[in-house]
Amino acid sequence: MDQVEKILETRELNVNMGPQHPATHGVLRLVLDLDGEVVVNVTPYIGYLHRGIEKLGESLSYFQALPLTDRMDYVSAMSNNIGYVVAVEKLFGIEAPERAKFIRTMVGEMSRISNHLLWLATHALDIGAMTVFLYCFREREWILELFEKICGARLTVTYPRIGGVRNDVSQEFLDSLYKFTEEFPSRILEYETLIDQNRIWLKRTVGIGVISAEEAVSWGLTGPTLRGSGVPYDVRKHAPYDAYDRVEFDVPVGSEGDTYDRYRCRMLEMRQSNNIIRQCIEKLPAGPIMAEAPKLVLPPKDKMMAVTHPDQKHAFFIDEKVCKGCGMCLRACPAKAIFGEKKKPHKIKQEFCLGCMNCYVTCKFKALKIIPGGRGLGDEQLAELAKQPIPEEITKATELLAEHFAYVKRGPRVPEGDLYVATEVPKGELGFYFVSDGSGKPYRMRVRAPSFVHAQVLPRLCIGHLVADVIANIGTIDIVLGECDR
Amino acid sequence: MITTEGLINFGINVVIITIKIAIVLGVTLLHVAYATYFERKVIGHMQVRLGPMRVGPHGLLQPIADGVKLFFKEDVIPENADKVVFYLAPVIFMAAAMVNLSVIPFSYNFVIADINIGLLFVFAIAGLGVYGIFISGWASNSKYAFIGGLRSSAQVISYEIAMGLSLVGVMIMAGSLNLTDIVIAQQNSIFGIFAIPQIVAFVVFVIAAIAETNRTPFDLPEAESELVAGYFVEYSSFRFALFFLGEYIAMFIMSSLGAICFLGGWTLPWYITRVLPFLSYVPPVFWFLIKVYFFIFFYYWIRATVPRYRYDQLMAIGWKILIPVALANIVITGLVKIIL
C-alpha cells in the first residue's frame with residue numbers, strides 16, 4: 001500500500017514559458033509550476049536581450065550614447081531619447097530653448113500614444129480579442145508615419161538632441177498631427193466599443209492581478225501600473241521637465257489596482273496625451289531649436305554643411321613644411337588616398353579623394369589646407385592655390401566641423417559630479433544616473449528601467465491564479481524586454 | 001435467396017452510394033479549403049485589412065497554395081513521442097469528423113446513410129473525435145500539448161452534454177432521431193422551424209457547438225497566447241493539416257446539425273413560400289447551404305469580436321448555466337407536448 005502511494009504521488013507540472021513565446025512580449029522566460037491549471041510558482045528569468053547598454057555608455061561620448069537609448073524601449077524610442085537628453089542637459093547645466101521643449105513634449109506624447117496602442121493591441125490579443133490588435137495598429141501606423149515625416153525614422157528615431165532637437169518641425173507636419181488629434185478620440189471609442197464593457201473582457205480583467213497602493217509603492221512600480229492602484233504619482237506633474245508645466249493635463253488613477261483599472265488608466269492617458277499634443281501645437285512658440293551653448297551642443301549643421309558636403313568639389317593639400325608625418329590622416333582616410341612614410345610629409349592622391357574631410361579634422365598640426373573647387377587639379381596647381389588666403393566662411397565652417405568632430409568623438413568638457421534625473425516614459429519612471437569625472441564620457445551610466453522593476457512583481461501577481469491570468473498579468477504591467485535587460 | 005434481380009439492385013445501390021460519397025467528400029474537402037479562405041477574407045475585412053490578395057486574383061488560389069505547402073513540408077516527429085499513437089491521432093480526429101458526413105441529409109433523399117439514429121450517431125462519432133485530440137496531446141510528450149489535450153477533452157466532454165440536452169427538445173418535438181424525419185417534422189410544424197419554439201435550446205446549441213469545435217471564445221485548447229497551439233503543437237506537415245481539416249469539417253458538421261435541427265434543413269417555412277411562391281423553385285440544397293454558411297459566418301464573426309474565456313469560466317458556463325438551462329427546456333418541452 002505504501003508503495004502504491006509512493007508511485008501515485010502527485011507533483012507540480014513544471015512548464016517553461018518563453019523565451020520564445022507569443023505572449024511574453026519579447027524574450028521573457030517564465031518557469032511556471034502548475035497544479036492543474038493553477039499557478040503555484042513563477043520564476044521570471046531575464047537577460048536574453050542584454051546588450052550592455054550601460055557599460056557601452058561608459059566608452060562612448062554623451063552624444064554617441066544617444067542612439068543606444070532607442071534600443072532600450074524600442075516601442076517608445078522617442079520617450080527614451082527625451083529621458084536621456086533631459087538628464088544630460090541637466091548634467092551639462094544647459095537648457096533647451098522654448099520651441100525645442102514644446103516640440104519634445106509633443107513628440108514625447110506621440111510616443112506615449114503609440115506605446116499605449118501597442119500595449120493595448122498585444123494585451124487584447126493575449127486575452128483573445130484579435131480585432132482590437134489590428135485597430136490599434138492602424139492608428140499606430142499613423143503615428144509612425146508622422147514620426148517618419150518629422151525625422152525620417154519610424155521606430156529608432158534619435159530625434160531629440162542634447163540642448164534641443166535635431167530639426168525644426170514643418171507646418172505640414174503640424175497640420176497632419178493636428179488632424180490626427182482631431183480624429184484619434186473617436187478611434188479610442190472604437191476600441192472601447194469592442195472591449196470596454198465586453199463581458200468576457202471584464203471577466204478576464206476585473207479582480208485579476210490585484211495589487212494594493214502600499215504594496216505597489218513598495219514594489220517600486222511606477223507609471224500607469226502604479227496609478228492603477230490609485231497612487232497619483234507622475235513625474236510629469238511632480239518634477240516637470242520640458243514643457244509639461246505649461247500644458248494642462250490630468251493624471252488618471254484607478255481604485256482597485258486590478259488589470260481592468262490599469263487598462264482604464266492607460267485608455268484615459270491616451271486621451272490626455274492627445275490633449276497635450278493639441279496644446280503643444282497651439283502654444284508652439286517661434287525661436288531657435290538648439291541651445292546657445294558652444295562646445296556643449298552640436299554646432300549648427302546648416303553653417304557646416306556648406307563646406308563639408310562632398311558635392312562641394314573641394315580638394316585638400318598637405319603643407320610639407322607643417323606636416324610631421326604622424327600618420328593620423330593616413331589612418332583616417334576611408335579611400336586610402338593618403339600615402340607616405342612615417343616622419344616624412346605625406347601626400348594625397350587627388351584622384352582617390354572623396355572630399356570627406358576626415359583627414360582635415362584629424363590633423364593636429366593643421367597641415368592640411370582646404371582648396372575650394374580644387375577637385376581634379378594637379379599637385380602643382382594646388383600648391384599654387386594653397387598659397388592664397390582661404391575665404392572667411394570656409395575657415396569658420398571648417399572650424400565648426402572640427403568642433404563637431406571633437407564633440408561627437410571625444411565629448412565635451414562637463415562638470416564633475418553625479419546626478420539622477422527621472423522622466424515619465426509611457427511605461428513608468430525612466431531614470432538616468434550619471435557619474436561624471438569631467439571627461440567627455442560618463443564614468444558610470446545607470447538606467448532605472450521601469451520594465452526591469454515591473455518584471456519582478458510578476459510572481460506576486462500570478463501565484464494562485466490560473467495559467468491564462470499569467471498572460472493577462474504580463475500584459476498589464478507593460479514590459480519591454482529590450483528595456484528590462486538593456 | 002439471391003436472385004439476379006436482387007444482385008442488380010444491390011449493384012445499383014452500391015454505385016449510387018459510391019457516387020454520393022465521392023460527391024460529398026469532394027465537395028466537403030473543397031469546401032474546407034475555401035472555408036479557410038472565406039474565414040480569412042471575412043475576418044480581414046472586419047479588421048480593416050484585405051486578407052489574402054497575392055495568390056491568384058483576390059487571393060483565390062491561396063487555399064491551394066497552402067495545401068501544397070503543407071504537403072511538401074518536412075514531417076517532424078519529436079524524438080520522445082510515442083510514434084504509433086502519434087501517427088494515429090490525426091487520423092482518428094479526421095476520420096471521426098468525416099464519418100459524420102455520412103448521415104447529414106443535404107437535401108431530400110440526398111444522404112449517404114439514412115439511418116434511424118442519425119442524431120445519436122453524430123454525437124457518438126463526435127465523441128470519438130476527442131480521442132484524437134487527447135491522444136495527440138499525450139503522445140507528443142510535450143507539456144504544452146498535454147495541457148492542451150487535457151483542456152480540450154474536458155471541454156468537449158462537458159459541452160457535449162449541454163449540446164445533447166439541447167437537442168432533446170428537438171427530438172421530443174420531432175418524435176424521431178432520424179435527421180431527415182426531423183426536417184420533415186419541422187416542415188409540417190406551425191412555425192416551420194424549431195428555432196422559434198425551441199429558442200432556448202437553439203441558443204444553448206449554438207454556444208455548445210462553438211465550444212465543441214474549439215473555436216473562439218472557447219478556443220482554450222489551442223489558446224495561441226498561452227499554449228501556442230495546444231494539443232497539435234508538435235505536429236507539422238500534413239499531420240498538422242489533418243487536424244486543421246478535421247476542425248473545419250467538425251465546424252461544417254455542427255453548422256449542418258444546427259441547420260437541420262433548428263432551421264429546417266433544406267426546407268423553407270410555409271409562410272415564406274406562401275408570400276413568395278417563386279422561392280419554392282430554387283433547389284432545396286441551396287437553402288441548406290445558405291443556412292450552413294450563415295452558421296459558419298457566425299463562427300467567424302464571433303472570432304473577430306470577442307476575447308477568450310478562461311478555463312474555469314468556460315467550465316462554469318458549461319456546467320452551471322448551459323446544462324441547467326437545457327434541462328429546464330426539456331422539462332418545459334415535455335410538459336407542453338403532454339398538454340397539447
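## Interface between chains A and B

Two residues are taken to be in contact if their C-beta atoms, placed from the backbone, lie within 7 Å. By this criterion, in what is a predicted model, 26 residues of chain A are in contact with 21 residues of chain B. On the side of chain A that touches chain B, the elements giving two or more residues are β1 (13-17), α5 (98-127), α6 (130-151), α8 (199-205) and α20 (467-476).

The largest share of that side of chain A, five residues, is supplied by α6(A). Sorted by class, the side of chain A that touches chain B comprises 18 nonpolar, three polar and five charged residues.

## Packing of α5(A) against α6(A)

Two of the helices that contribute to the interface, α5(A) and α6(A), also pack against each other at an angle of about 155°, with their axes 8 Å apart. Angles over 145 degrees count as roughly antiparallel, and α5(A) and α6(A) are therefore roughly antiparallel to each other. Their crossing is left-handed.

On the α5(A) side, the contact is made by Val107(A), Met110(A), Ile113(A), Ser114(A), Leu117(A), Leu118(A), Leu120(A), Ala121(A), Ala124(A) and Leu125(A). The α6(A) side includes Met130(A), Phe133(A), Phe137(A), Glu139(A), Arg140(A), Ile143(A) and Ile150(A). Taken by class, the residues of this contact divide into 18 nonpolar, one polar and two charged.

## The β2–β3 hairpin of chain A

Strand β2 (residues 29-35) and strand β3 (residues 38-45) of chain A run antiparallel and are joined by seven bridges. They form a hairpin with two residues between them, and Asp35(A) stands opposite Val38(A) in β3(A). In the turn, Gly36(A) has a positive phi of about 70°.

## Positive phi outside glycine

Asp242(A), although it is not a glycine, has a positive phi of about 45°; this residue lies in the loop between α11 (235-238) and α12 (259-283) of chain A. A residue counts as buried if 20 or more other C-beta atoms lie within 10 Å of its own, and Asp242(A), with 24 other C-beta atoms within 10 Å, is therefore buried.

In chain B, His58(B) is likewise a residue other than glycine with a positive phi, here near 55°, and is found in the loop between α1 (4-46) and α2 (62-72) of that chain. Because His58(B) has 14 C-beta neighbours inside 10 Å, this residue counts as partly exposed.

Note on methods:
Residues are numbered from 1 along each chain as its sequence is written. Chains are lettered from A and ligands numbered from 1 in the order in which they are written. This is a predicted model: local features need pLDDT of at least 70, side-chain atom pairs count only at pLDDT 80 or more; totals for chains, interfaces and linings use all residues. Helices (H or I, at least four residues) and strands (E, at least two) are DSSP runs, numbered from the N terminus. Ala, Val, Leu, Ile, Met, Phe, Trp, Tyr, Cys and Pro count as nonpolar, Asp, Glu, Lys and Arg as charged, and the others, Gly among them, as polar. Two strands pair if DSSP finds at least two bridges between them. Axes are lines fitted to C-alpha atoms, for helices over the stretch in contact, and angles run from 0 to 180 degrees between N-to-C directions. Angles under 35 degrees count as roughly parallel, over 145 as roughly antiparallel, 65 to 115 as roughly perpendicular and the rest as oblique. A crossing is left-handed if the near helix is turned anticlockwise from the far one by less than a right angle, and right-handed if clockwise. A residue is buried if 20 or more other C-beta atoms lie within 10 Å of its own, exposed if 12 or fewer, and partly exposed in between; C-beta atoms are placed from the backbone.
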